[in-house]
Amino acid sequence: LELRALIELARRDYPAARARIDEGQALARRQGAGLLEGRFRLSRALLDGDLNEVSDAFAHASAMDLLSAAEPIVRNLHRLGPTPPSLRESVASWPQRWLPLLRLTLADPSDPAAPPAATLLDEFGELGDVRLLRKLSRTRLKAFRGSDLGRGLARRRSPRLIVHDLGQASFEIGPRRVPLSSIRRRAAGLLCFLLTRKGHSATRDQVLESLWPEVDPEAALNSLNQTLYFLRRDIEPGYNDDYSAQYAHFESDMVWLDRELVSTESVAFQEQVSRALAVPDDLDASANAVALYRGRFAPEFEYEEWASGWRELLHGQYLHLAETLMGRLIRDGRLLEAADLAVAVLGVDATADHFERELIWLYGTLGARSAAAEQYGHYAEVQRTEYGVEPPTFDEVISGR
């Protein structure tokens, strides 16, 4: 008999079901039908609820045994004690089989199988299950009341917030791409301020002093609360304090972004720079790091004092790494790549005159004299008008290495 049939029989006539199980298991053992014997052992474990027997039966059950017995297993979750590892593995591997049954069990929170079903759904469920689990936490039932059911699931299943903060700033979450210039300036400022801080966190007073320096503390705190309210809803338009993931937090006088949910270009760039500098002979690592840098940090906040330190640190690292990489490319005779790098750097920072001089030399060395002359014209004009100095001659730059 199928496990489901045995379990249903047990509901009506337990002795008859147990006798059928014992008979079937003995027959399967005599015939050497190991898989069938395991199925009978599993059904007996479900009927009896003996924890030692359950543990052993689940350990020897096949994947198909568990899937074929999914309904009775879920109905008897409360009799299994700690969830057997093989059952957890099955739920993780075949969620489409298990999750609907777990949700169905939670339709009646008073069902004794509901608490372990909620625990499994909290671990393996989908983002849409968060509301169901949070609703359970608000029931009067002791097994659920006041629990954190659903909060961890919301954090694991919510999309990452990716902040593009090098060059014109925006953030990406799921299918949405939102320019920071399109949201409230204070909300964008709070987000970018936290990105400049180590660990993406700051004390409340640091936030107030940086973003509302001339406002009295009580009014500034009220502004912070309002700004956080708007930022959360700019990130997630349907934000709800109870069941939404918390990308931005304000607790115990600390304001921070969840580093497991939020990633930023600037931090990714800095990490790539560290790896590149650790292996100076790996030119690809340096090239990958340089390619990540699209422009200065959050130019929308160019004149904000709190942004200047982080902006200049990143830009300095970029120019240093790019200059080091260009030197290596030239030494290796990879002049075309060096010229492309110089063009890219000037596209990011037109004032990087060292790279412009190198580019003129590279064009000349590669035989592109007209391109070298054109670039020199721009270089000489900038030197005269911006810096008030007379540049070296074209021939001096061409032969100046």
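Rings of Phe, Tyr and Trp, the last by its six-membered ring, count as a pair when their centres lie within 6.5 Å. The views below show a predicted model.

**View 1. F193, F301 and W306 make up one aromatic cluster.** Within this cluster, the ring centres of F301 and W306 are 5.5 Å apart and the ring planes meet at 45 degrees, so the pair is tilted. An angle between planes counts as stacked under 30 degrees and as edge-to-face over 60, with the rest called tilted. F301 and W306 are both buried.

**View 2. F269 and Y293 form a ring pair between distant parts of the chain.** By the centre-distance rule the model has seven aromatic pairs. In the pair shown here, the centres of F269 and Y293 are separated by 5.2 Å and their planes by 50 degrees, so this pair is tilted. F269 belongs to helix α15 (residues 265-278), while Y293 sits in the loop between α16 (283-292) and α17 (305-331). The two residues are 24 residues apart, and both are buried.

**View 3. R184 is placed over the face of the F230 ring.** The distance from R184 to the ring centre of F230 is 3.9 Å.

**View 4. Four strands form an open sheet with mixed pairing.** The strand order is β3-β2-β1-β7. At the edges are β3 (176-179) and β7 (262-264), each of which pairs on one side only. From one strand to the next the twist averages 20 degrees. Strand β1 (residues 161-164) runs parallel to β7, and three bridges join the two. In this pairing L161 is opposite V262 of β7.

**View 5. The hairpin of β1 and β2 contains a residue with positive phi.** The two strands are antiparallel and are paired over four bridges. H164 stands opposite S170, which lies in β2. Five residues come between the strands, and G167 takes a positive phi near 85 degrees.

**View 6. Helix α14 lies across three strands of the sheet.** The helix spans residues 217-235 and lies across β1, β2 (170-173) and β3. Its direction is at about 55 degrees to β2.

**View 7. F171 and V207 touch the most other members of the largest nonpolar core.** This core has 77 residues. Helix α17 supplies its largest share, 11 residues. With neighbours within four places in sequence left aside, V207 is in contact with L190, F193, A202, W212, L224 and V255. Another core, of 36 residues, lies apart from the largest one, and its members include F58, L77, L80 and A154.

**View 8. S286 is a buried residue of helix α16.** The relative accessible area of S286 is 0%. A residue counts as buried when this value is under 20%, so S286 falls within the buried class. Not counting residues up to four places away in sequence, S286 touches A276, L321, L325 and R328.

Key: Residues are numbered from 1 along each chain as its sequence is written. This is a predicted model: local features need pLDDT of at least 70, side-chain atom pairs count only at pLDDT 80 or more; totals for chains, interfaces and linings use all residues. Side-chain values use heavy atoms; hydrogens and water are left out. Buried means under 20% relative accessible area, exposed over 50%, partly exposed in between (1.4 Å probe, protein chains only). A charge sits over a ring if NZ of Lys or CZ of Arg is within 6 Å of the ring centre and within 35 degrees of the ring normal. Two strands pair if DSSP finds at least two bridges between them. Axes are lines fitted to C-alpha atoms, for helices over the stretch in contact, and angles run from 0 to 180 degrees between N-to-C directions. Contact means heavy atoms within 4.5 Å. A nonpolar core is a set of buried Ala, Val, Leu, Ile, Met, Phe, Trp, Tyr and Cys residues joined through side-chain atoms within 4.5 Å.
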